[in-house]
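Hi,

Here is the structure I promised to pass along. Have a look at it first, and my notes on what turned up follow below.

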Amino acid sequence: MTFMNMPNWLKQRAFLTPDRKALVFENKTWTFAELYNETLKKASLLSLSGIQEGHFCGVLAANRPEMIFTIQALQQIGAVAVLLNSRLTTEEIEWQLRDASASHLLFDSLHEKKAAAILGIRSISISDDLTDARFTPRERCSMSEICSIMYTSGTTGRPKGVIQTYGNHYASATASALNLGLHVDDSWLCTVPLFHISGYSILMKSILYGMEVRLFEKFDAVAINELLQNGEATIISVVSAMLSNMVNRLSGTYSPRFRCMLLGGGPVPLSILEQCKQKNIPVFQTYGMTETSSQIVTLAPEYATEKLGSVGKPLFPCAVKIDGEDEGEILVSGPNVTPGYLNRQEANESSFQDGWFHTGDIGRLDDDGFLYVLDRRSDLIISGGENIYPAEIESVLISHPAIHEAGVTGVADKKWGSVPAAFYVAHHPVTSEELAAFCGEKMASYKVPAYFVKTGELPRNASNKLMRRELAARWSDDHAH
Ligand code: ATP
Ligand code: MG
């Protein structure tokens, strides 16, 4: 696949199905012909501003149509989009732009202030409109070319710039289609950020499949529930916090047209999966990461009960294996896996070996080949020789009615080497003894946290992921004497 040339994707799509709906946002709709036209206008604006093929351009924008036109415009020019998480600080964005050697920063009107604070780079507003669409797009794209750079969330350390080629995106979209099937009336609801692979990959699927995208600027559980109950979208991508919000507010059921709740991004408490089962929600659990250009392993709903908690089997062109006897690091391979990180020689050497990408996650495969993700390797707690996974304890704690959210980390212990300590945010008052008793009923005693610490909020990164290393740091600060 590496050397294959392909026609310009968006141009081809606008040629094949010009009148199909491509995008719905608020009360506006664009067909593929209109999307192509808007994209060419944006490409014209960007190229007049000096952006050329091969340039790396930061994109700092909200989930609005102009961001989609800009992402597509960069592909028309043959420039590389460096997707920036808009929740990052100015310093973090500056670092990513420097790391990627970006030549320009593209921002929308909502990020004017933030963009103005970022120095040392040419900034271009994408909210300015051009009426003129005189731009000559590229005729072809090559599968080995870099399409986008996306930084990992930085949950385990400094974010790494992941190279995503056109071939990676193509492989990811086709692998997902082979798994879910294509329905001519599909509409994919996008409320996850376009700067993450979860959102960006929906755009790629839309162009390659000829599928409608319903874009939301912000996550709104009530509005989304209503839309899914009316059958206005058939697929949605969510993370577990969104899903739990939606399920808690759902009265009745979703429309039979709604066929896939694609759930990924992080560990999922079993209690949420059970709730979904009761409400007949077609949950597809998935496992994936920035490096795999979206999901790489997926569990179909027919296995949701039998294989509760599993993330399923690899997508058709992909493979998964465990580095170890029973439990161990999860290794993956497939055409959707990145060729490597930007400027990270050491990480590239340790993460890519013999055609396998070392994910940094620990898991196990059952006899039928279903994958269970246990936790991140760096967060594993070894207590008196036993392996303890914080995610398992967090999942149990969250099922306690008083607990809103929980984070577990290992802390030093004279006798056991390390023991779990649980930090939690509570809805109602609850004592450590009550929590210990609750955990003791549900798991082996060595896993029951030795300490329970009530806290106002848990440390999360710009992707809203729990940073357990910060919990450990909090503990050390509090127990330094
Ligand atoms: P960094 O690599 O910088 O530490 P990150 O790994 O959080 O950040 P992402 O690429 O956004 O960056 O997240 C991918 C990770 O999310 C996976 O490696 C895994 O740890 C976790 N993850 C994704 N899906 C699941 C899942 N279904 N169950 C458990 N964990 C998951
Ligand atoms: Mg990672």
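β15 gives the largest share of the shell around ligand 1, with 5 residues. That strand runs over 283-289, and β22 (371-376) also supplies at least two residues of the shell. Before you read too much into any of this, keep in mind that the model is predicted.

Sorted by type, the shell around ligand 1 has 11 polar residues, 5 nonpolar ones and 4 charged ones. There are 20 residues around the ligand in total, and the ones that come nearest are T152, T155, T156, T290 and D361.

Some of those nearest residues also make polar contacts through their side chains. For T156, a polar side-chain atom sits 2.5 Å from an oxygen atom of ligand 1. D361 has a side-chain N or O atom 2.6 Å from an oxygen atom of the ligand, and for T152 the corresponding distance to a ligand oxygen atom is 2.7 Å. How much of ligand 1 does the protein cover? On its own the ligand has 630 Å² of accessible area, and the protein covers 92% of that.

Now for the domains. The chain splits into domain 1, residues 5-374, and domain 2, residues 380-478. Their C-alpha centres are 31 Å apart, and the contact between them draws on 17 residues from domain 1 and 15 from domain 2. About 1300 Å² is buried between the two, with carbon and sulfur atoms giving 51% of that area.

Which three residues supply the most of what domain 1 buries against domain 2? They are R87, T155 and L374, which together account for 34% of that area. You will recognise T155 from above, as one of the residues that come nearest to ligand 1.

Cheers

Terms used. Residues are numbered from 1 along each chain as its sequence is written. Chains are lettered from A and ligands numbered from 1 in the order in which they are written. This is a predicted model: local features need pLDDT of at least 70, side-chain atom pairs count only at pLDDT 80 or more; totals for chains, interfaces and linings use all residues. Side-chain values use heavy atoms; hydrogens and water are left out. A residue is near a molecule or strand if one of its heavy atoms lies within 4 Å of it. A polar contact is a pair of N or O atoms within 3.5 Å; within protein, one must be able to donate a hydrogen and the other to accept it, and residues adjacent in sequence count only if both atoms are side-chain atoms. Accessible areas come from the Shrake-Rupley method with a 1.4 Å probe; for residues, only the protein chains shown count as cover. Helices (H or I, at least four residues) and strands (E, at least two) are DSSP runs, numbered from the N terminus. Ala, Val, Leu, Ile, Met, Phe, Trp, Tyr, Cys and Pro count as nonpolar, Asp, Glu, Lys and Arg as charged, and the others, Gly among them, as polar. Domain bounds come from an automatic or database domain assignment. Contact means heavy atoms within 4.5 Å. Buried area is the accessible area (1.4 Å probe) that two parts lose on being put together, summed over both.
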